[in-house]
Amino acid sequence: MRTAIAAAVLLMTCPALAGRLTAAETIKGRVADVSNDAVKIKTEGEWLPAVDDPVEIYFEMPGVPEGATVAEGKVSAVAADAVTVKTDRTFTAVERNHLVRITSEKPQRRPPAGEKAPPGGQSLAIGSAVVTVPTKPVPSAGSAMGDNVTQLLAKGHELCTQGKLAEAQQIYGQAVQLQPNNPDTHYALATALNFSGNFDAAIAAYQAVLRVSPQTPEIRAWIAQVYLHKGEYASAIQWANQEIAGNPKSAFAHSLAGSAFLETGDAANRDRAFAAAVAVDPGIADVRHRHGNVFYNHRQPRRALTDFGSAAYMAPKASGPVLGAGL
């Protein structure tokens, strides 16, 4: 991280950098690895963030240019090949290949290959814990095929944000064909299918994620969501409970179980499930509210009403839905 003296020298020797030091730089990247207490990020471009820069982790949401926020936090350590993030609020499970935005007021130019990381970037004490930055580069595809898949996923994301779900599904389908054992390709395809209302195909794609990577968090919850919106409430409850059994802190899964119980008129289990969801994450009602807006924007009013109704049960004092507001 730049010191005040270094910043002054840079300003004198390179006036073009003056604006860079005062204007925020948006640094983008993807989640490369997730551990219990930290998230490793692979960033893109010539700039690196500084320690304590705010971080938003999100995933692509059809028709929502900014995507759906998964977690928020701060940069805890910086290296040339990886950035470590400490999350302070998690809305749902952070997964590999989730997208990242870092807003940096003091970006650092990425050092040339082979040079050391920026000063102070090797490790950082956080409370009583010390997070160490990996010394080896984050693994990448390293092949033309891997590069093609990365490009396909990026193109699919662009199409999703434009609301072009049919085209996105075709692009993601190509990615699946190139890397059928990559859970990220199946997950991307499942997301596009889900939010386009193609229920059966979405379930099949989510299940493909589980076949390739059985421990991937939240996938069973997403399957529960699809069954909920299909009106198959017993299946929704079954899949939500499967997620909860292996991931009891999934507020999303608890809330979906509550939604299914709401639809079946089981008041006792409805209240228990919604209470569990809010206990795990007080912001879960807002997450479901946002999903409702996405469904509304994509002309799926029944799905929107289901999520708005669930959000209202979990946060009865909140204001009503702002239709079309998106995420």
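Here are some notes on this predicted model, going from the overall picture to single residues.

1. **The overall picture.** Start with the whole chain: the protein has 12 helices and 10 strands. Of its 327 residues, 49% count as buried. The accessible surface comes to about 15500 Å², and carbon and sulfur atoms make up 54% of that. Now look at how the chain folds back on itself. Take the contacts between residues at least 6 apart in sequence: 63% of these join residues at least 24 apart.

2. **Helix H9, its length.** Find residues 251–264, which form helix H9. Does the span of this helix agree or disagree with what 14 residues should give? At 1.5 Å a residue, H9 should span 20 Å, and its end C-alpha atoms are 20 Å apart, so the two agree. Just after H9 comes Gly-265, which has a positive phi, near 80°.

3. **Helix H9, its cover.** How many of the 14 residues of H9 are buried? The count is 11, so H9 is mostly covered, given that buried means under 20% relative accessible area. The buried residues are Ala-251, Phe-252, Ala-253, His-254, Ser-255, Leu-256, Ala-257, Gly-258, Ser-259, Ala-260 and Phe-261. If you want to see what sits over them, the cover includes helix H7 (219–230), helix H8 (233–246), helix H10 (267–280), helix H11 (284–297) and helix H12 (301–314).

4. **Where H9 crosses H12.** The axes of these two helices come within 10 Å and cross at roughly 105°. An angle from 65 to 115 degrees counts as roughly perpendicular, and H9 and H12 are therefore roughly perpendicular to each other. On the H9 side, the residues that meet H12 are Ser-255, Ser-259, Leu-262 and Glu-263. On the H12 side, they are Thr-306, Ser-310, Tyr-313 and Met-314. Sorted by type, the residues of this contact are 3 nonpolar, 4 polar and 1 charged. A handy rule for reading such a list: an α-helix has 3.6 residues a turn, so residues three or four places apart point the same way.

5. **Helix H12 itself.** This helix has 14 residues and reaches 20 Å from its first C-alpha to its last, close to the 20 Å expected. Its buried residues are Arg-303, Ala-304, Thr-306, Asp-307, Phe-308, Ser-310, Ala-311 and Met-314. Their cover includes H5, H6, H7, H9, H10 and H11.

6. **Helix H6.** Residues 199–212 make up H6, with 14 residues and a reach of 20 Å from first C-alpha to last, close to the expected 20 Å. Which of its residues are buried? They are Phe-199, Ala-202, Ile-203, Ala-205, Tyr-206, Ala-208, Val-209 and Leu-210. What covers them includes helix H5 (183–195), H7, H8 and H12.

7. **Phe-295.** Look in helix H11 for this one. Phe-295 has a relative accessible area of 0%, so it is buried. Leaving out residues up to four places away in sequence, Phe-295 touches Phe-195, Gln-225, His-229, Gln-300, Arg-303, Ala-304 and Asp-307. Asp-307 is 12 residues along from Phe-295 in sequence, and their C-alpha atoms are 8.9 Å apart.

8. **Two residues in strands.** Phe-59 lies in strand E4 (residues 54–61). Its relative accessible area is 6%, so Phe-59 is buried. Beyond residues up to four places away in sequence, Phe-59 touches Gly-67, Ala-68, Val-70, His-98, Tyr-187 and Trp-222. The C-alpha atoms of Phe-59 and Thr-191 are separated by 9.6 Å, though the two are 132 residues apart along the chain. Thr-43 is in strand E2 (residues 39–43). With 10% relative accessibility, Thr-43 counts as buried too. With the same sequence neighbours left out, Thr-43 touches Ile-27, Lys-28, Gly-29, Leu-48, Val-83, Ile-102 and Arg-110.

9. **Two loop residues to check.** Asp-52 has phi near 80°, a positive value in a residue other than glycine. You'll find Asp-52 in the loop between strand E3 (47–48) and E4. Asn-97 also has a positive phi near 80°, and it sits in the loop between strand E6 (83–90) and strand E7 (99–104). Is Asn-97 buried, partly exposed or exposed? Its relative accessible area is 23%, so Asn-97 is partly exposed.

Conventions. Residues are numbered from 1 along each chain as its sequence is written. This is a predicted model: local features need pLDDT of at least 70, side-chain atom pairs count only at pLDDT 80 or more; totals for chains, interfaces and linings use all residues. Side-chain values use heavy atoms; hydrogens and water are left out. Helices (H or I, at least four residues) and strands (E, at least two) are DSSP runs, numbered from the N terminus. The expected span of a helix is 1.5 Å times one less than its number of residues. Buried means under 20% relative accessible area, exposed over 50%, partly exposed in between (1.4 Å probe, protein chains only). Contact means heavy atoms within 4.5 Å. Accessible areas come from the Shrake-Rupley method with a 1.4 Å probe; for residues, only the protein chains shown count as cover. Axes are lines fitted to C-alpha atoms, for helices over the stretch in contact, and angles run from 0 to 180 degrees between N-to-C directions. Angles under 35 degrees count as roughly parallel, over 145 as roughly antiparallel, 65 to 115 as roughly perpendicular and the rest as oblique. Ala, Val, Leu, Ile, Met, Phe, Trp, Tyr, Cys and Pro count as nonpolar, Asp, Glu, Lys and Arg as charged, and the others, Gly among them, as polar.
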